[in-house]
Amino acid sequence: MEMEENRGFAIDAGIGSLRAVFGLILAFVHGWQKLGGAAGFLFAGHAWAFVGLVRSLGFPLPAFFAVCAALSESAGALCVACGLLTRISAALVTITMTVAAYTSLRTGAPIELSVLYGISFLAITITGPGRFSLDSLLWRAHPVSRSAK
């Protein structure tokens with residue numbers, strides 16, 4: 001029994017570490033820069049080259065999808081790092097990183113970083129946040145009844 005409990009603790013600690021490291025790095029190294037570009041584009045009318053990149057990929061409404069990517073890489077990554085709305089946030093980041101990997105292949109840019117982020121956030125989407133997360137605290141405090149009434 002104690003061995004299983006220790007194993008569960010170790011798995012949850014590993015998931016928490018994965019969430020924190022990849023979430024914080026993505027948010028602060030990549031996401032905030034994009035979010036700043038989005039803010040300048042939306043609120044000050046500044047040009048934002050990222051919209052042109054999204055347009056070149058053939059997306060309809062390129063400004064909308066560029067802002068979505070910026071939100072995914074910043075706010076979504078922070079949510080994952082904290083374990084808040086983890087699965088949906090991680091899934092959105094995974095989609096964003098899949099598009100980034102495709103873009104890298106198409107332009108000849110290095111693909112490794114987007115694949116590493118994508119696989120990491122996919123793993124978090126599949127496993128969930130673990131017990132060391134805000135989701136765990138919130139759902140433990142207000143459990144959802146799973147019985148059909």
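**Helix packing and nonpolar cores in the predicted model**

Helix 5 has 16 residues, which at 1.5 Å a residue should span 22 Å, and its end C-alpha atoms are 22 Å apart, in agreement with this value; the expected span is 1.5 Å times one less than the number of residues. Helices are DSSP runs (H or I, at least four residues), numbered from the N terminus. The model is predicted, so that local features need pLDDT of at least 70 and side-chain atom pairs count only at pLDDT 80 or more, whereas totals for chains, interfaces and linings use all residues. Residues are numbered from 1 along each chain as its sequence is written, and side-chain values use heavy atoms, with hydrogens and water left out.

Within helix 5, the buried residues (under 20% relative accessible area, 1.4 Å probe, protein chains only) are Ser-114, Tyr-117, Gly-118, Ser-120, Phe-121, Ile-124 and Thr-125. Their cover includes helix 1, helix 3 and helix 4. Ser-114 has a relative accessibility of 8% and therefore counts as buried. Leaving out residues up to four places away in sequence, Ser-114 touches Met-97, Ala-100, Ala-101 and Ser-104, where contact means heavy atoms within 4.5 Å. The C-alpha atoms of Ser-114 and Tyr-102 are separated by 9.1 Å, the two residues being 12 residues apart along the chain. Just after helix 5, Gly-128 adopts a positive phi of about 85°.

The largest nonpolar core (buried Ala, Val, Leu, Ile, Met, Phe, Trp, Tyr and Cys residues joined through side-chain atoms within 4.5 Å) comprises 10 residues, among them Leu-26, Val-80, Met-97 and Phe-121. At least two residues of this core come from each of helix 1 (2-44), helix 3 (62-82), helix 4 (86-107) and helix 5 (112-127). A second, separate core of 9 residues includes Trp-48, Val-51, Val-67 and Ala-69. Val-80 is in contact with Arg-19, Thr-86, Ser-89, Ala-90, Phe-121 and Ile-124, with residues up to four places away in sequence not counted.

The axes of helix 3 and helix 4 come within 9 Å and cross at roughly 140°; axes are lines fitted to C-alpha atoms, for helices over the stretch in contact, and angles run from 0 to 180 degrees between N-to-C directions. Residues of helix 3 including Ala-69, Ser-72 and Glu-73 meet residues of helix 4 including Thr-86, Val-93 and Thr-96. Thr-96, located in helix 4, is buried, with a relative accessible area of 15%. Apart from neighbours within four places in sequence, Thr-96 contacts Ala-69, Ser-72 and Glu-73.

Key. Buried means under 20% relative accessible area, exposed over 50%, partly exposed in between (1.4 Å probe, protein chains only).
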